[in-house]
Amino acid sequence: MYLWNPSSDEFKIIPPNPIEYIPDSMDPKFEYHGFGYDCATGDYKVIRELILFPSFLAEDNFDYEEWDIAGSWEIYSLRSNSWRKLKYDISINSRCEIHDKFYLEGMCHWLGNWQESYDKFRKTYMVSFDLSNEEWFITPLPPIDKPLEIYDNFNINSVESRLFLFNGSISLISNYYETTTFSISILAEIGKKETWTKLITLGPLPYFSRPIGIGNMSNILFRTIDGKLAWLDLRTHLVEKLDVNAHRLICQLIVYKENLFPTKGINS
């Protein structure tokens, strides 16, 4: 992995962390969840989760209780150019989507799932991490409104929620597949249950399949049903189709603030 500054075109290779001994019966996997600026120390940091999976070499009598399958959390400091372990007290599994992760005002945010048991519905929460104080915050998502036209046969699993930044605020876009409508809510305060305010409901929009990102001018970038990209202007409701293919699932819009900080990295 490396850090890249698009403003200066510099990049720095992040060194691997010499993790503790892991048996051959376990395979490590790293999930990166945040990169941002620690204003208290003037340092840039990366946080990631180390997850351990049983490998194909695991024996039938392997003692899984001896190992923490959930793994651990680590944080990287650009100033010290090193990793260290993080203290954590959350049991929410992070989602793998790259879209639901961003940095805002000293904190990294992403979506995670938690399920009490296999026979109960999986709940989604917003997880936030303060880079300066190294504190964790959990924010429940707003309740899902059941569309009246399919109220009796409503399937909550058909709703996809995504995190975005909207005019400098944390927003949540819920995509109702069955009705092709999209609901946008704005977060007022991190860590509180009733802290979301519904801003607008769009649709039905049968031409769009899922949102990709939100631009600086209150316009939303969507993937269309034919595998293209299109802008939707929230003020005028006009649609601008782009001749850009987006057939693959990995498609992301990134809005960044220009910064010429030196990465002191290795360029090639």
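## A tour of the strands and rings

Start by selecting Phe-208: at 5% relative accessibility, this residue counts as buried, because the cut-off for buried is under 20%. Keep in mind throughout that you are looking at a predicted model.

**Stop 1: around Phe-208**

Add Tyr-207 to your selection. Tyr-207 is partly exposed, with a relative accessible area of 25%. Now zoom out for a moment to the rings: a search of the whole structure finds 11 aromatic pairs. Tyr-207 and Phe-208 form an aromatic pair of the edge-to-face kind, with 5.7 Å centre to centre and 65° between the planes. Next, show Lys-241. What sits over the ring of Tyr-207? It is the charged end of Lys-241, 4.7 Å from the ring centre.

**Stop 2: along strand S16**

Colour residues 208–214, which make up strand S16, and pick out Gly-213 within this strand. Is Gly-213 buried or exposed? Gly-213 has 2% relative accessibility, so it counts as buried. To see what surrounds this glycine, show Phe-164, Asn-219, Ile-220, Leu-221 and Leu-253: Gly-213 touches each of these, leaving aside residues up to four places away in sequence. Then draw a distance from the C-alpha of Gly-213 to the C-alpha of Phe-166; the separation is 9.3 Å, while the two residues are 47 apart along the chain.

**Stop 3: a hairpin**

Phe-166 takes you to strand S12, residues 159–166. Most of S12 is covered, with 7 of its 8 residues buried. Select residues 169–176 as well: this is strand S13, and S12 pairs with S13 in the antiparallel sense over 8 bridges. For one position across the pairing, find Arg-162, which stands opposite Ile-173 in S13. As you turn the view, remember that in a regular strand the side chains alternate between the two faces of the sheet. Together S12 and S13 form a hairpin with 2 residues between them. In that turn, click on Asn-167, which has a positive phi of about 55°.

**Stop 4: two loops with a positive phi**

Where else can you find a positive phi in a residue that is not a glycine? Go to Asn-81, where phi is about 55°. Asn-81 lies in the loop between strand S5 (72–77) and strand S6 (82–86). With a relative accessible area of 33%, Asn-81 is partly exposed. Then jump to His-237, also not a glycine, with a positive phi of about 65°. The loop that holds His-237 runs between strand S18 (228–233) and strand S19 (239–245).

**Stop 5: more rings**

Show Trp-73, Trp-110, Phe-129 and Trp-136 as sticks; these four form one aromatic cluster. Within the cluster, focus on Phe-129 and Trp-136, which are both buried. Their rings form a tilted aromatic pair, 4.7 Å centre to centre with 55° between the planes. For the last close-up, select Arg-48 and Trp-83. The charged end of Arg-48 sits over the ring of Trp-83, 3.7 Å from the ring centre.

**Stop 6: the whole view**

Zoom all the way out and switch to cartoon. The protein has 0 helices and 19 strands. Of its 268 residues, 45% count as buried. Among contacts between residues at least 6 apart in sequence, 48% join residues at least 24 apart. Finally, turn on the surface: the accessible area comes to about 16,100 Å², and 53% of it belongs to carbon and sulfur atoms.

Methods. Residues are numbered from 1 along each chain as its sequence is written. This is a predicted model: local features need pLDDT of at least 70, side-chain atom pairs count only at pLDDT 80 or more; totals for chains, interfaces and linings use all residues. Side-chain values use heavy atoms; hydrogens and water are left out. Helices (H or I, at least four residues) and strands (E, at least two) are DSSP runs, numbered from the N terminus. Buried means under 20% relative accessible area, exposed over 50%, partly exposed in between (1.4 Å probe, protein chains only). Contact means heavy atoms within 4.5 Å. Accessible areas come from the Shrake-Rupley method with a 1.4 Å probe; for residues, only the protein chains shown count as cover. Two strands pair if DSSP finds at least two bridges between them. Rings of Phe, Tyr and Trp (its six-membered ring) pair if their centres lie within 6.5 Å; planes under 30 degrees apart count as stacked, over 60 as edge-to-face and the rest as tilted. A charge sits over a ring if NZ of Lys or CZ of Arg is within 6 Å of the ring centre and within 35 degrees of the ring normal.
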